[in-house]
Structure formats: C-alpha cells, structure tokens
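Grab a viewer and work through these exercises with the model open next to you. Each task comes with a solution that goes step by step.

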Amino acid sequence: MKLATFLRAGAQSPEIGLVSDAGVIPAPADISALGMIGLIEQWDALSGVAAGWLDGADAIPLDQVRLLAPVPRPNKILCMGLIYADHVAETSGKTPEHQIWFCKQPTAAHGPFDPIDVPKASTMVDYEVEMVAVIGKGGRHISKADAPAAIFGYCVGNDVSARDWQRKTAQWMLGKSFDTHGPFGPWITTSDAVSDPHALAIRSIVNGEVRQNSNTSNLIFDVYDQIVELSQVMTLEPGDIIYTGTPGGVGTAMKPPRYLQPGDHVACEVEGLGRIEAEMVAER
C-alpha cells in the first residue's frame with residue numbers, strides 16, 4: 001500500500017490518499033483530519049478501512065495534485081552517517097565500529113518534488129540519496145527480531161547537505177538542517193509491501209548523469225540494526241523519520257568537487273519505493 005499526503009489544486013488543507021496506478025484516491029475527511037502521524041498511530045484499527053478506499057472515490061491523476069512530504073512535520077528526523085563502504089572509502093575514512101548518528105531539524109522536511117534551496121549562507125551544497133524508514137509502533141529497547149514490526153514503511157529521501165557548514169565543527173546538525181534540505185517521499189510504501197528493504201537498488205541522478213548507484217544490501221549496519229541502536233537511547237514514535245545512509249558518489253568526493261548550483265536538477269530513486277526529484281533554486 002502507498003500512502004501520500006497531498007494538496008488538490010487551489011486547496012489549502014492537505015489530505016491523505018492511497019496511491020494507485022490511476023492516481024491518488026482521497027481518504028475520507030475524518031481520516032485526513034488525523035494527519036499522517038495520527039493515521040500511523042491508529043493503523044491497526046484503520047488499515048482495513050484504508051484498503052476499502054480503492055472501492056470509493058475516483059482517483060485524482062497525480063499530475064493534478066501536489067505531493068507533500070508524507071509526514072509533513074516529523075517529530076524527529078534521524079540520520080545515519082558513513083554507512084555504505086564505498087562512501088566511507090571516498091571520504092578516506094575508516095569503517096566505523098559504531099553507528100554515527102546526527103539529526104535534521106523538522107523544519108528541513110520538504111516535499112518530494114518541491115524546489116530545493118541553494119542557501120545564501122552556503123557554497124557547498126551536496127546531494128545524498130537515501131532509503132528512508134518511517135517509524136510505526138516504535139518504542140524503546142527494540143530487539144532486532146522485533147525491529148521489522150517497528151517500521152511502518154519506507155520512502156525515498158535526499159539528505160541535502162551544506163558541506164561547508166557540516167565541516168565547521170564536529171557536530172553535523174547545522175550543515176544538515178537548512179530549510180528544504182530534507183525532501184522525502186513521494187509516498188510511504190508500507191512495510192508489508194517491501195519484501196526485503198536490504199535488497200533494493202538505490203541511485204541519484206544529477207542533470208541526467210548517474211552519480212550514485214548502489215544497493216541497500218551494501219549497508220554496513222542494516223535498518224534493523226539502526227532501530228536497535230536508536231531505541232536504546234530514545235523512544236521511537238509513530239511518524240519519526242530515519243534517513244538510513246547514502247552510498248558513494250557524492251559531489252564533495254569528486255575531484256574536483258561538484259556542488260549543486262541553481263538550475264541543477266537532482267533525482268533520487270530507490271527500487272520499488274519510487275522517485276523524487278527537484279530543481280535547485282537560489283534561496284529567496
């Protein structure tokens with residue numbers, strides 16, 4: 001099942017919908033009123049109802065709606081660093097013994113096709129395609145055996161990074177948290193529709209040139225290991241977002257580095273989860 005948050009043309013209030021081959025099928029008004037986090041919280045009771053949307057209203061073609069970030073304002077955006085061996089190698093780093101975590105601020109969350117800012121304050125903006133996990137039941141001290149059940153679904157993400165700000169200090173948060181620098185979507189593919197999240201092709205394309213091309217099987221710490229680690233520290237809550245790490249091929253590792261400029265077009269794909277894409281624009 002694919003669940004989206006969207007706006008109809010001319011509308012001000014977002015809705016939740018079920019994505020089908022024909023387009024997006026709007027949820028009943030009382031379901032949309034919950035928002036995506038509310039829907040995830042009540043999914044055990046509402047999943048059967050959601051399946052029934054297919055028999056309801058006509059689908060709206062996707063080119064007639066604006067897809068928003070599936071969770072428009074997550075409570076947490078947690079991000080994994082140096083997680084693919086080829087990315088570790090291109091940064092001249094050592095394979096980490098422990099998981100490296102940082103966060104994006106919730107204001108970075110951004111729609112899957114909305115323009116991405118090249119900030120006034122940065123000259124080193126980079127792309128990072130990632131598979132994104134959306135927390136469902138969550139909890140604390142989740143075992144690896146229980147980790148799959150803690151994940152509601154998966155998306156495609158772009159961990160846009162301002163490298164100059166990232167490198168200013170040992171803490172990466174500011175360089176990762178510029179507004180618009182957390183696009184993800186285009187929808188949530190529920191975990192029951194993803195047979196193996198660790199066997200998916202993943203790639204980024206900049207101005208038509210494939211830059212990153214890997215597979216989630218190459219994760220050093222897989223998604224379930226990530227859930228175990230995080231839940232030892234904090235309560236994972238419905239709708240929390242986890243950027244699970246990026247493979248090699250980022251612009252900053254090229255010789256010379258190739259950073260994003262206004263007018264560049266960036267697309268990110270994960271097999272079975274869809275594609276997000278955006279034009280880079282000068283911060284307004």
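**Exercise 1. Work out how E8 and strand E18 (residues 274–282) pair, then place them in their sheet.**

Step 1. E8 and E18 run parallel and share three bridges; strands are DSSP runs of E of at least two residues, numbered from the N terminus, and two of them pair if DSSP finds at least two bridges between them. Asp-117 has Val-281 of E18 as its bridge partner.

Step 2. Zoom out to the open sheet of five strands, ordered E8-E18-E17-E14-E15, with mixed pairing. At its edges sit strand E8 (116–118) and strand E15 (209–215), each pairing on one side only. On average, neighbouring strands of this sheet are turned by 20 degrees against each other, direction ignored (axes are lines fitted to C-alpha atoms, with angles running from 0 to 180 degrees between N-to-C directions).

Before going on, a note on the ground rules: this is a predicted model, where local features need pLDDT of at least 70 and side-chain atom pairs count only at pLDDT 80 or more, while totals for chains, interfaces and linings use all residues. Residues are numbered from 1 along each chain as its sequence is written, and side-chain values use heavy atoms, with hydrogens and water left out.

**Exercise 2. Find what surrounds Glu-269.**

Step 1. Look in strand E17 (residues 265–270), where Glu-269 is found. Its relative accessible area is 18%, so Glu-269 is buried (under 20% is buried, over 50% exposed, partly exposed in between, with a 1.4 Å probe and protein chains only).

Step 2. Check the polar contacts, meaning pairs of N or O atoms within 3.5 Å; within protein, one must be able to donate a hydrogen and the other to accept it, and residues adjacent in sequence count only if both atoms are side-chain atoms. The Glu-269 side chain makes one with the side chain of Arg-203 at 2.7 Å and one with that of Arg-275 at 2.3 Å.

Step 3. Not counting residues up to four places away in sequence, Glu-269 also touches others, including Val-129, Val-156 and Ile-205 (contact means heavy atoms within 4.5 Å).

**Exercise 3. Which side of helix H8 (residues 223–233) holds its buried residues, and what covers them?**

Step 1. List the buried ones: Val-223, Tyr-224, Gln-226, Ile-227, Leu-230 and Ser-231. They cover an arc of only 150 degrees around the axis, which puts them on the same side of H8; the arc is that of the directions from the helix axis to the C-beta atoms.

Step 2. Look for the cover, which includes strand E5 (77–81), strand E10 (129–135) and helix H5 (147–150). Helices are DSSP runs of H or I of at least four residues.

Step 3. At the N-terminal end, Asp-222 caps H8, with a side-chain oxygen 3.0 Å from the backbone nitrogen of Tyr-224.

**Exercise 4. Trace the pairing of strand E2 (residues 15–20).**

Step 1. Five of the six residues of E2 are buried, so the strand is largely enclosed by the rest of the structure.

Step 2. Four bridges link strand E1 (residues 2–8) to E2 in antiparallel fashion, and Ala-4 has Gly-17 as its bridge partner in E2. Six residues lie between the strands of this hairpin, where Gly-10 takes a positive phi near 80 degrees.

Step 3. E2 and strand E3 (residues 23–26) are also antiparallel, with four bridges, and a hairpin of two residues joins them.
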